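Me: I should like to learn how to read side-chain and strand features in a structural model. Could we work through one case step by step?

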Amino acid sequence: MLSNFHISKILALFCCSVTVLCAWAQEDAPHESIVDSTRQMPVAFGFQPDWMISSAQSSVTGSDLTKSFTSNVATGLYGRLGGLTVLQQGAEPGLETPRLLGRGVGTFGPGNDVLIMVDGFEGAFEQLSPYEIESITLLKDASATAVYGSRGANGVLLVTTKRGLEGPLEISFSAQTGIRSALRLPDFLGSYDYATLHNEARVNDGLPPLYGETSLEAYRSGNDPYFHPDVNWYEEVLRSHAPASSYNLSLRGGNSTVRYFGLVNVLSEQGLFIRSGNQSENSKNSQYNRYNFRTNIDIRLNRNLAASLTLSGTVEDKANPVANDASDIFATMAVIPPNAFPVYNPNHTYGGNALFSNPLGDVLEKGHFTSNGRTLQSAFRLEHQLGMVTDGLKVSATIAFNNFFRNYSNKLRNYERYLMERNNSESVYQRYGERSSLVGDEGGSEQWRNVVFQTQLNYDRTIGNHALMGMLLYNVDSYSRLGELYPFKHLGVSGRFTYANQQKYIGEFSFGYMGSERFAPGKRFGFFPAVSLGWVASEEEFLKDHSVINHLKVRTSFGLTGNDRIADERFLFEQFYRNPGSYFFGTDNGSSSSLQEGRAANPDVTWEKDRKFNVGVEAELFGRLQLTADVFRNHRYDILTTANRTLPDIYGIESPLLSEGKVDNKGFELLARYTSNRAKNVTFFVNANLWYARNQIAEMSEEFRRHDYLQRTGHRVGQPFILEAMGFFGNEAEIAEAAEQRFAAIRSGDIRYKDQNGDNVINAEDYVSQGYTPVPEITLGLNPGFSWNAFDLEFFVQAVTNRSVYLSGHYFHAFQNNGKVSAIALDRWTPATAETATYPRLSSVNNLNNFQPSSFWQVDGSFIKLRSVELGYTIRKDVLQRWSMENLRVFANGTNLFSVDRVKHTDPETLTGYPAMRTLSLGLKVQF
C-alpha cells in the first residue's frame with residue numbers, strides 16, 4: 001500500500017494542501033493579521049518577541065499534547081514539532097521511553113538525542129503532565145543553540161511550564177477515563193496448521209513426518225485438549241483491554257504583586273496482563289500509578305526586586321506480575337508451539353516441558369516486580385531591576401536542584417510444571433522445576449541529582465527605531481548519578497546580543513564558552529559562536545499594507561555548536577588498567593592477581609563540533625495562512641572513532657579512540673497553518689508539517705576493505721549492510737550453477753544471494769548497503785480540526801517514509817529454535833507455489849542459509865498512523881452560570897487508532913515485545 005510512498009509523492013501532497021489552503025485563505029481575505037508582534041516566544045534562557053527571532057525553531061502548546069492520552073508526554077510529540085523525530089522504543093506503562101532526535105542523526109557516536117531543558121534546567125521531561133506544560137520548543141540551528149556550548153549540537157528541547165497570570169482565580173478540573181488495547185498482536189498459527197506445516201518442513205529436510213493423520217485430526221477437531229492441545233498463549237496471559245484514567249486539578253491567577261499556578265495530576269494505567277494478583281498471592285496485578293504536583297509562584301517584592309519559585313515533583317508506583325519488565329514473558333509466548341503442552345493438566349497442575357516454562361504459570365507463580373520512583377525539581381530565582389544604572393537592565397541569580405530516585409523490588413520463586421505422557425493406558429507426569437518460596441531482591445535502584453547555579457544579566461530597551469536585547473549568563477552545574485564515582489560538570493559563560501532597526505533589520509550574535517570534566521586539563525573549554533540575520537520584508541514600504549502578504553521574514557544563520565556526549569567511557573585521556581583474572585603458578589596452583597593495560601589513552605580527545613548553516617522564510621498570506629520553510633546543512637566533525645585506518649592490529653593493545661570522524665547532514669522543513677474566519681458558527685484550521693533529513697558519513701577512520709562497496713564511509717549512519725536476496729532456488733540445476741552458499745546444505749526453495757565480487761562464493765565480502773535505517777528521513781504531520789456551534793472535532797495523522805525495518809526472531813522465522821510459526825509462512829515456497837511464493841521453503845531445523853541477514857527480511861518501514869482523534873461538545877455559558885462555571889466541555893478521544901503499513905504481522909514501530917497500544921477514552925474539562 002505504501003510502495004509508491006517516496007519524496008515526490010509526499011511533496012506533492014504537501015504542495016496540494018498548501019494550494020488548497022491558499023484558495024481558502026483568498027476567499028476569506030481581507031482579515032486582521034494573526035501575527036502578534038507582542039507575542040513572547042521561548043528562546044535559550046529567556047524570551048524574545050516573535051518578530052525579533054532570527055533563528056530556526058518550532059513550537060507546540062501543552063493543550064495540543066492533551067489530545068493524546070498516554071503516560072509519557074513525549075509520545076504526544078509524534079509529527080507535531082517540525083524537525084523532531086520521535087522513535088518509539090516500548091509501550092509498557094511506565095516504560096515508554098521514546099528517543100528524540102533533532103533534525104535526524106548527526107553523528108555515529110552514542111550521543112544523538114536532543115538536550116532537554118525544563119524551565120531552563122536539565123531535568124525529567126517524560127513524567128510531566130501535559131496539563132502543566134505551557135509550550136515545548138525545539139531549537140534547531142546554531143544561532144538558537146550556541147549558548148549551550150558543547151551541549152547544543154543535537155538541538156535543544158525547551159519545555160516551558162505554566163505560570164500565574166494577572167486576573168481572578170481560575171480553577172480547572174479535568175477527568176479522562178478509557179481503555180487501552182493492543183494495536184496489533186502477532187498472528188501465530190494454531191496447532192493443526194502448525195503440525196501440518198511442521199510435517200512439510202521435516203520432509204523438506206529429508207526427515208519423516210512427526211504427526212500422523214490421527215494426530216492431525218485431533219488437532220483439527222480439538223477433541224483431545226490434553227494430549228493434542230491448541231493453546232494461544234496471548235489469549236491465556238493477556239486480556240483484550242485494560243483501563244486507564246487521568247484526573248487533573250489546577251489553579252491559576254494573581255495580581256500585580258503575586259502570580260501563581262498550582263497543579264495536581266493523578267494518572268493510573270493497568271497493563272495488558274490478566275489480573276494475576278487476584279488469582280495468586282505470588283503475583284501482582286500489572287499497574288502503573290503516577291502523581292504529579294507543581295507550584296509556580298512569582299512575587300514582586302518591591303518596585304525593583306522580584307522572586308520566583310518553581311517546585312514540582314512526581315511519585316510513581318509500578319507493579320508487574322513478572323520480574324523486571326514484560327519482555328521475558330513476551331519472548332516466551334512468541335516461541336512456544338501451540339501444541340507443546342496444555343495450560344493445565346487434568347490434575348490442575350501447570351503444563352510444561354524440558355524446553356519451555358508455562359507463560360501463565362510464570363505470571364501467576366514465578367514472583368513479581370515493584371518499583372517506586374520520586375522526582376523533585378525546584379528552582380529559586382531573584383531578579384533585580386538596575387534602572388538606576390540604565391533603563392532596561394536587570395540582573396538575576398537562580399539556584400536549581402533536581403533529584404530522581406527509584407528503587408526496585410524483585411521477588412522470585414520457582415514452581416513445578418508437569419508434562420503428561422501416555423504409558424499404555426495410564427497417564428504419567430514428568431516434573432520440571434522445583435517449588436520454592438519467594439526470595440526478595442531489594443538492592444536495585446537508580447538515582448541522579450543535578451545542582452545548578454546561574455547568574456544572568458539582561459538588557460532590553462528600545463530607543464526610537466533601535467531595539468536592543470542582550471543576555472550574559474554564567475552557569476555551573478553538577479550532575480551526579482548512582483554508580484559513577486565522579487559527577488558530570490559543566491562550567492561556562494554564554495551570551496546573546498540582538499539588534500533590530502525599525503522592526504525590519506535584525507542581527508544577532510550568540511556564543512557559548514563552556515568546559516567539561518570529560519577532557520584533559522588544559523583542553524576542557526571551547527568557544528562556540530553563531531550569527532544570524534533577519535529581514536522583515538513586509539515592513540518595507542513596497543509591501544506594507546499589502547492585500548495578500550501580511551508578513552514576510554527572511555532569516556539566515558551560521559555558527560558552531562558542540563556535543564560532549566561522545567562515549568560511554570569517561571576520561572579517555574587517562575590510561576586505565578583492568579584486572580582480567582589470576583594466573584596460577586607451581587604445583588600447588590597458587591594464584592597471583594594481574595593487571596592488563598586497557599584501551600590506549602588519548603590526551604587529545606575533544607568534543608564533537610557541528611558547523612551549522614540555515615536559511616528560512618516565514619510568511620503570512622491573506623491574514624489566515626502561515627507558511628514557514630527552512631533549509632539546513634550541518635557538518636559534524638571531531639567525532640570519536642576507532643583508529644582502524646591509523647593503527648594495525650599488530651599494535652598489540654586496544655587502539656585509542658581518535659576525534660577524526662565526520663558526518664554531513666542536510667535537509668529541509670516546511671510548515672503550513674491555516675485558520676479560518678468564523679462564519680455561520682463554523683471555524684476550521686489545518687496544520688501541516690513536513691521535514692526531511694539525510695546524513696552521510698564523510699570520515700570514520702575506516703579500515704581498508706578489498707571492495708569499495710564494503711565501505712561504510714559515504715553511507716548513512718547505521719546503514720544496513722546485508723546480503724542481497726535474489727529470490728528462491730527453483731531446482732538443483734540452479735543450485736549447481738549459482739555461487740556457493742556455505743551456510744547450510746542448499747535445497748530448492750532456499751533463498752539465493754547475489755555474488756557481489758564474482759568469486760563464486762557467498763561470504764562476508766558480499767554484504768552491501770540495502771534500504772534505509774529505522775530512523776525515517778521524511779516525516780509528515782497533518783492536523784485538521786473544525787468547530788460548529790458547540791461541537792468541535794480534531795484529528796492528527798503522522799506519516800513517515802524512507803525508513804526500513806528488519807524482520808527477525810520467532811515472529812518471522814518459522815520453526816527456528818524449536819519455535820512456532822506465524823501466518824507469514826502460509827505463502828511459503830513449494831513446487832506448486834514456486835511462481836507466487838513470498839516465503840522460503842519451510843525447515844524444521846535451524847536453517848542457517850535462509851535466515852542470514854539479507855534484503856529478504858528487510859521491509860519498507862513507512863507507515864501512516866492516526867495518532868489522535870477528539871470529538872467534543874461545550875455546554876453553553878448561560879446554562880453554566882447557575883453553577884458558577886465558566887466552561888464545561890465533554891469529549892471522546894482516541895489515541896493511536898490504526899496504522900497503514902507494509903509490516904503485516906506486527907506494529908512497524910515496536911516490531912516485537914510489548915505491543916503498541918490503542919486508547920479509547922471519555923472525558924470532561926470544567927473551568928470555574
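Reply: We begin with burial: a residue counts as buried when its relative accessible area is under 20%, and as exposed when that area is over 50%. The model before us is predicted.

Me: Which residues form a salt bridge with lysine 67 or lysine 140?

Reply: The general idea comes first. Side chains of opposite charge can pair when their charged atoms come close. In this model, glutamate 794 forms a salt bridge with lysine 67, with 3.8 Å between the closest N and O atoms. Glutamate 794 belongs to strand β41 (residues 791-801), whereas lysine 67 is in the loop between α2 (62-65) and β4 (84-87); the two are 727 residues apart. Both glutamate 794 and lysine 67 are buried. A salt bridge of 2.8 Å, N to O, also joins glutamate 669 to lysine 140. Because glutamate 669 lies in strand β32 (residues 657-675) and lysine 140 in the loop between β8 (133-139) and α3 (142-145), this pair ties together parts that are 529 residues apart in sequence. Glutamate 669 and lysine 140 are both buried.

Me: Is arginine 706 buried or exposed, and is glutamate 765 buried or exposed?

Reply: Arginine 706 has a relative accessible area of 68%, so it is exposed. Glutamate 765, at 18%, is buried. These two residues form a salt bridge, their closest N and O atoms being 3.2 Å apart.

Me: How many salt bridges are found in the whole structure, and which residues are linked in a network?

Reply: The search finds 53 salt bridges. Lys67, Asp792, Glu794, Glu870 and Arg889 are linked in a network of them.

Me: What contacts does the side chain of aspartate 901 make?

Reply: Aspartate 901 is found in strand β45 (residues 887-901) and counts as buried because its relative accessibility is 13%. Its side chain makes a polar contact of 3.1 Å with that of arginine 184 and another of 2.5 Å with the side chain of serine 899.

Me: In what order do the strands of the open sheet run?

Reply: Strands of a sheet pair through backbone hydrogen bonds, either parallel or antiparallel. Here five strands form an open sheet in the order β3-β8-β9-β6-β7, with mixed pairing. Its edge strands, β3 (57-61) and β7 (121-122), each pair on one side only. Strands β6 (residues 115-118) and β9 (residues 156-161) run parallel and are joined by four bridges. Methionine 117 has leucine 158, in β9, as its bridge partner.

Technical notes:
Residues numbered from 1 in each chain as written. Predicted model: local features only at pLDDT ≥ 70, side-chain atom pairs only at ≥ 80, totals over all residues. Heavy atoms only, no water. Pairing = 2+ DSSP bridges. Buried < 20%, exposed > 50% of the residue type's maximum accessible area, 1.4 Å probe, protein only. Polar contact = N/O pair within 3.5 Å; in protein donor to acceptor, adjacent residues only side chain to side chain. Salt bridge = Lys/Arg side-chain N within 4 Å of Asp/Glu carboxyl O.
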